[in-house]
Amino acid sequence: MSKHRVSRRQFLNYTLTGVGGFMAAGMLMPMVRFAVDPMLKAEDAGDFIATPLKVADITAEPQKVNFSFTQKDAWYESEETGTAWVFKNEAGEIVALSPVCKHLGCVVDWNTDKKNPNMFFCPCHYGLYEKDGTNVPGTPPLAPLDVYPTREKDGFLYVGKAEPRKGA
Amino acid sequence: MLNKIYDWVDERLDITPLWRDIADHEVPEHVNPAHHFSAFVYCFGGLTFFITVIQILSGMFLTMYYVPDIKNAWESVYYLQNQVAFGQIVRGMHHWGASLVIVMMFLHTLRVFFQGAYKKPRELNWIVGVLIFFVMLALGLTGYLLPWDMKALFATKVTLQIAEAVPLIGPYIKVLLSGHSTIVGAQTLTRFFAIHVFFLPAALLGLMGAHFLMIRKQGISGPL
């Protein structure tokens, strides 16, 4: 006989707790999985979207490009407008920056702060970025602006899904 | 660990008598199926409550996806049922549970009726029980519209006609329910949703509280 004798009361307690827990789990598990589903859904890769900007028209000065795409939000499909700041850098490569501030998600604008010309400026908390998207230290943003992968097709600029800049 | 947390709280707030008063009381022998198997008939009230809990829980989770809007209601139900993990199960629980609640409640009512358990001093509890019965039927009725499919729409049109048939006040009741004198549409859906999700459950919780308080106070009626 083992030293730890299980009393009838203990045995019933364990069994009832076990069975009850099993039943409660059977009831709650589908509901919880149902609720957390958006967290576990795979993110869509994102296709390249055509912009109305001709690659030949891209200059060294950032220009604002609006492009429209179809967004599927669960059961709701809508035409949305995205924005990119597009220019050619010193190396002659096309750069397309996301206008979403990396501080708290406001929309940045090019060259609108009189005190800081030729910079991306966020009016919400005076965030500043260099032309290449690098955040200016001492201003609220902690990371450079996201970058759209770009592609040329039939002379027009196509942009993919904006990604955080590598090496940032 | 749990025991320590319990003791810590209990030392300060003396919660033991609170839950003891609710949970810790003897089941009379004539109500215990272990003594007389036929005593299983006493389970139907508890089963009704159990299924009601499932209904409340599954309903809460369903509203994470459902929208009470004529353009999106059906789409959102279709989405949650076909695209969301366990959507079919959670919606199924709510769908089948709705019928099961009525069945259990009916069996509970039959038991109380045929045992004469509603007699003095328990008449008030019978009345509250009947009110719960009406609230449950209303919950089933209002919930039926929410998927916003053809069956739901035409069932509700019929329902509103029945309400309209009440002498004198019928037309007013109908507009109060549908939100519009002729259209069964946007305003009907939002109203039925509000009634189904807020007004009736609130009434139900109050009535169930009263129902349980009374049975606790008066005890289960004696053996036949």
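**Exercise 1. Find the residues in contact with A:A84 in this predicted model, leaving aside its neighbours within four places in sequence, and then place A:A84 in its core.**

Step 1. Start at A:A84 and look past its sequence neighbours within four places: the contacts are A:T51, A:V65, A:A96, A:L97, A:S98, A:Y148 and A:V159.

Step 2. Now turn to the largest nonpolar core, which has 21 residues. A:A84 is listed among those with the most contacts inside this core, together with A:V86, A:A96, A:L97, A:V108 and A:V159.

Step 3. Ask which strands supply the core. At least two residues each come from β3 (76-88), β4 (94-97), β6 (120-122), β7 (127-129) and β9 (156-159) of chain A.

Step 4. Look for a second core as well. A separate one of 20 residues includes B:Y66, B:V90, B:L146 and B:F192.

**Exercise 2. Decide whether strand β2 of chain A is buried or lies in the open, and describe its pairing with β3(A).**

Step 1. Strand β2 of chain A covers residues 63-73, which makes 11 residues to check. A residue needs 20 or more other C-beta atoms within 10 Å to count as buried.

Step 2. The number of buried residues in β2 is 0, so the strand lies largely in the open.

Step 3. Follow the pairing next: β2(A) and β3(A) run antiparallel to each other, joined over 11 bridges. Within this pair, A:F69 faces A:E80 of β3(A).

Step 4. Finish at the turn. The two strands form a hairpin with 2 residues between them, and A:A74 in that turn has a positive phi of about 50 degrees.

**Exercise 3. Work out where A:D113 sits and how exposed this residue is.**

Step 1. Locate A:D113 in the loop between β5 (109-110) and β6 of chain A.

Step 2. Count its surroundings: A:D113 has 16 other C-beta atoms within 10 Å, so the residue is partly exposed.

Step 3. Not counting residues up to four places away in sequence, A:D113 touches A:M119 and A:F121. For a distance check, take A:P123, which is 10 residues away along the chain; its C-alpha atom is separated from that of A:D113 by 8.4 Å.

**Exercise 4. Do the same for B:A152 in chain B.**

Step 1. B:A152 belongs to helix α7 (residues 150-164) of chain B.

Step 2. There are 19 C-beta neighbours inside 10 Å, so B:A152 counts as partly exposed. The cut-off for buried is 20 or more.

Step 3. Beyond four places in sequence, B:A152 touches B:Y144, B:L145 and B:P147. Its C-alpha atom is 9.6 Å from that of B:T142, 10 residues apart in sequence.

**Exercise 5. Describe the contact between the two chains, then two of the listed transmembrane stretches of chain B.**

Step 1. Chain B gives 16 residues to the contact and chain A gives 10 residues.

Step 2. On the chain B side, α3 (43-62), α4 (73-82) and α5 (87-114) each give two or more residues. By class this side has 11 nonpolar, 4 polar and 1 charged residues.

Step 3. An unreviewed UniProt entry lists "transmembrane region" for residues 39-67, 96-114, 126-146 and 193-215 of chain B.

Step 4. Check two of them in the model. Residues 96-114 are 100% helix, with end C-alpha atoms 27 Å apart. Residues 193-215 are also 100% helix, and their end C-alpha atoms are 32 Å apart.

Technical notes. Residues numbered from 1 in each chain as written. Chains lettered and ligands numbered in written order. Predicted model: local features only at pLDDT ≥ 70, side-chain atom pairs only at ≥ 80, totals over all residues. Contact = placed C-beta atoms within 7 Å. Helix = DSSP H or I, 4+ residues; strand = E, 2+ residues; numbered from the N terminus. Nonpolar A, V, L, I, M, F, W, Y, C, P; charged D, E, K, R; others polar. Core = buried A, V, L, I, M, F, W, Y, C linked by C-beta atoms within 7 Å. Buried ≥ 20, exposed ≤ 12 C-beta atoms within 10 Å, placed from the backbone. Pairing = 2+ DSSP bridges. UniProt positions renumbered as here; feature names shortened; annotations may be inferred.
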